[in-house]
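Work through the exercises below with the sequence and the 3D view at hand. Each task is followed by a solution in steps.

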Amino acid sequence: MKPAVVVENLNLGLHNADLVAAAERLSRGKTYQDLSTIIICPTRGMIPDRVVQSWMGLIRPMNQKCIGPIFFRGYEVGEAYNMAFDFITNHPDLSKWKYVLTIEEDNLPPPDGLIKLYESIEDYDVVGGLYWTKGEGGQPMIYGDPSVPELNFIPQVPRPDTIQQANGLGMGFNLWKISMFTDGKIPKPWFKTAQEFTPGVGAKVYTQDLYFFEQAGKLGYKFACDTRVHVGHLDPQSDVVW
């Protein structure tokens with residue numbers, strides 16, 4: 001601490017000094033709204049230490065209900081997600097909570113990732129952090145531009161530090177409004193890993209995430225990637241984070 005001659009009263013506090021800015025920050029972060037959140041994770045049963053360390057550093061909302069991760073071990077990934085959301089929506093208490101956070105065993109979110117997703121979900125039903133497929137030619141998991149008339153899941157080029165609307169996302173670090181699953185609009189199964197061939201129509205191959213987003217998007221639900229939230233994607237074999 002530097003020597004100083006105290007003449008004026010500087011004891012009002014930094015936040016009190018600009019109440020407008022402080023109030024805007026609280027409103028943006030939704031800290032005085034219901035942020036009750038259930039964290040779920042499908043897993044094969046062995047989660048790398050780097051991933052666990054990342055999760056342990058994740059900032060959770062102060063004085064809010066937040067539980068998990070609840071693990072669903074050993075199931076096919078689409079089946080695991082169906083079980084997880086079935087469990088939540090049929091639970092007498094959890095079904096009344098506000099959000100689900102999906103997190104996967106090879107994703108490393110930043111400490112403030114969840115806090116930022118609370119800020120960005122206002123106009124959307126699902127928001128996710130920005131992460132990439134593994135490998136040198138990795139693609140951003142921001143699938144499809146809603147401004148294009150024909151539905152597609154072509155990866156978009158990320159725009160820095162913004163909320164970027166998309167037709168679909170990965171599921172490695174996403175915040176979901178539980179109301180999507182309790183209003184009865186989206187038919188079950190919600191998630192499905194599809195490898196189908198229909199004569200006269202052709203082949204249809206989907207991972208469980210894009211299968212869900214296609215069905216939900218047709219019903220008017222909206223999704224976006226918060227490109228402020230940079231999520232690492234770990235390759236456990238090489239220990240490289242993509």
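The exercises go from the whole chain to one strand and then to aromatic rings.

This is a predicted model, in which local features need pLDDT of at least 70 and side-chain atom pairs count only at pLDDT 80 or more, while totals for chains, interfaces and linings use all residues. Residues are numbered from 1 along each chain as its sequence is written, and side-chain values use heavy atoms, with hydrogens and water left out.

**Exercise 1. Describe the chain as a whole.**

Step 1. Take the secondary structure, where helices (H or I, at least four residues) and strands (E, at least two) are DSSP runs numbered from the N terminus. The chain has seven helices and 14 strands.

Step 2. Take the extent: the C-alpha trace spans about 85 × 45 × 40 Å along its principal axes.

Step 3. Take burial, where buried means under 20% relative accessible area, exposed over 50% and partly exposed in between (1.4 Å probe, protein chains only). Of the 242 residues, 43% count as buried.

Step 4. Take contacts, meaning heavy atoms within 4.5 Å. Among contacts with a separation of 6 or more, 73% come from residues 24 or more positions apart.

**Exercise 2. Place strand β3 among its neighbours.**

Step 1. Strand β3 covers residues 99-103, and five of its five residues are buried, so this strand is largely enclosed by the rest of the structure.

Step 2. In a regular strand the side chains alternate between the two faces of the sheet. From β3, Tyr 99, Leu 101 and Ile 103 point one way, and Val 100 and Thr 102 the other way.

Step 3. Find the partners; two strands pair if DSSP finds at least two bridges between them. Strand β1 (residues 37-43) runs parallel to β3, with four bridges. Strand β9 (residues 173-177) runs antiparallel to β3, with five bridges.

Step 4. Follow Thr 102: Ile 40 stands opposite this residue, and so does Asn 174 in β9.

**Exercise 3. Classify the ring pair Phe 181 and Phe 191.**

Step 1. Rings of Phe, Tyr and Trp (its six-membered ring) pair if their centres lie within 6.5 Å; planes under 30 degrees apart count as stacked, over 60 as edge-to-face and the rest as tilted. The count by this rule is 16 aromatic pairs.

Step 2. The centres of Phe 181 and Phe 191 are 6.3 Å apart and the planes are at 25°, so the pair is stacked.

Step 3. Phe 181 lies in helix α6 (residues 179-182) and Phe 191 in the loop between α6 and β10 (194-198), ten residues apart. Both are buried.

Step 4. Ring pairs link Phe 181 and Phe 191 into a cluster that also includes Trp 176 and Trp 190.
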